[in-house]
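Student: I would like to go through the salt bridges here and see how each label is earned.
Tutor: Then let us set the values against the definitions.

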Amino acid sequence: MSDRNKSDQLTELDERIKTLKKAHAPKDHMDEHYSQANLAWRMVIELVAGLGIGFGIGYGLDVLLGTLPIFLVLFVFLGLAAGVKTMLRSAAEIQKKSLAEMAGLDMADTASEKVADTANEEEVKHGD
């Protein structure tokens with residue numbers, strides 16, 4: 001009988017240890033700390049890509065036509081404008097996604113508050 005109690009105690013202890021390990025488990029490092037950095041790098045790459053493409057087209061046209069670097073300057077500015085426009089579009093997309101997540105959290109909080117209010121009303125009704 002004592003072996004059975006020890007076995008039950010060990011099983012219970014093992015379950016408690018597993019529960020505590022889950023509660024204190026570290027969060028995924030990549031999702032928490034680097035998401036904003038990834039978004040920033042995405043925007044930088046979009047800007048540099050626009051500049052690089054503009055530089056390449058402008059330089060190619062200048063070499064092909066034998067002109068002064070007029071096309072180079074023109075297309076670098078066009079590439080800059082395209083890169084900034086793409087960055088702004090990405091920022092708007094990220095902001096929309098963030099607002100949608102926040103609205104989802106607000107809706108969940110509001111729903112849980114409504115459930116709690118309904119439960120309180122039921123207690124009041126049954127208490128009278």
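Student: Why is glutamate 46 called buried or exposed, whichever applies?
Tutor: Glutamate 46 has 17% relative accessibility. Buried means under 20% relative accessible area, exposed over 50%, and partly exposed in between (1.4 Å probe, protein chains only), so glutamate 46 counts as buried.

Student: What are the ground rules for these values?
Tutor: This is a predicted model, in which local features need pLDDT of at least 70, side-chain atom pairs count only at pLDDT 80 or more, and totals for chains, interfaces and linings use all residues. Residues are numbered from 1 along each chain as its sequence is written, and side-chain values use heavy atoms, with hydrogens and water left out.

Student: What makes glutamate 46 and arginine 42 a salt bridge?
Tutor: A salt bridge needs a side-chain nitrogen of Lys or Arg within 4 Å of a carboxyl oxygen of Asp or Glu. The closest N and O atoms of this pair are 3.4 Å apart, so the pair qualifies.

Student: Which salt bridge does arginine 42 form with glutamate 93, and at what distance?
Tutor: Their closest N and O atoms are 3.7 Å apart. Arginine 42 lies in helix α3 and glutamate 93 in helix α4 (residues 70-127), so the pair ties together parts that are 51 residues apart in sequence. Helices here are DSSP runs (H or I, at least four residues), numbered from the N terminus. Shared partners join Arg42, Glu46 and Glu93 into one network.

Student: How many salt bridges does the rule give?
Tutor: The count is three, including lysine 18 with aspartate 14 at 3.6 Å, N to O.

Terms used. Helices (H or I, at least four residues) and strands (E, at least two) are DSSP runs, numbered from the N terminus.
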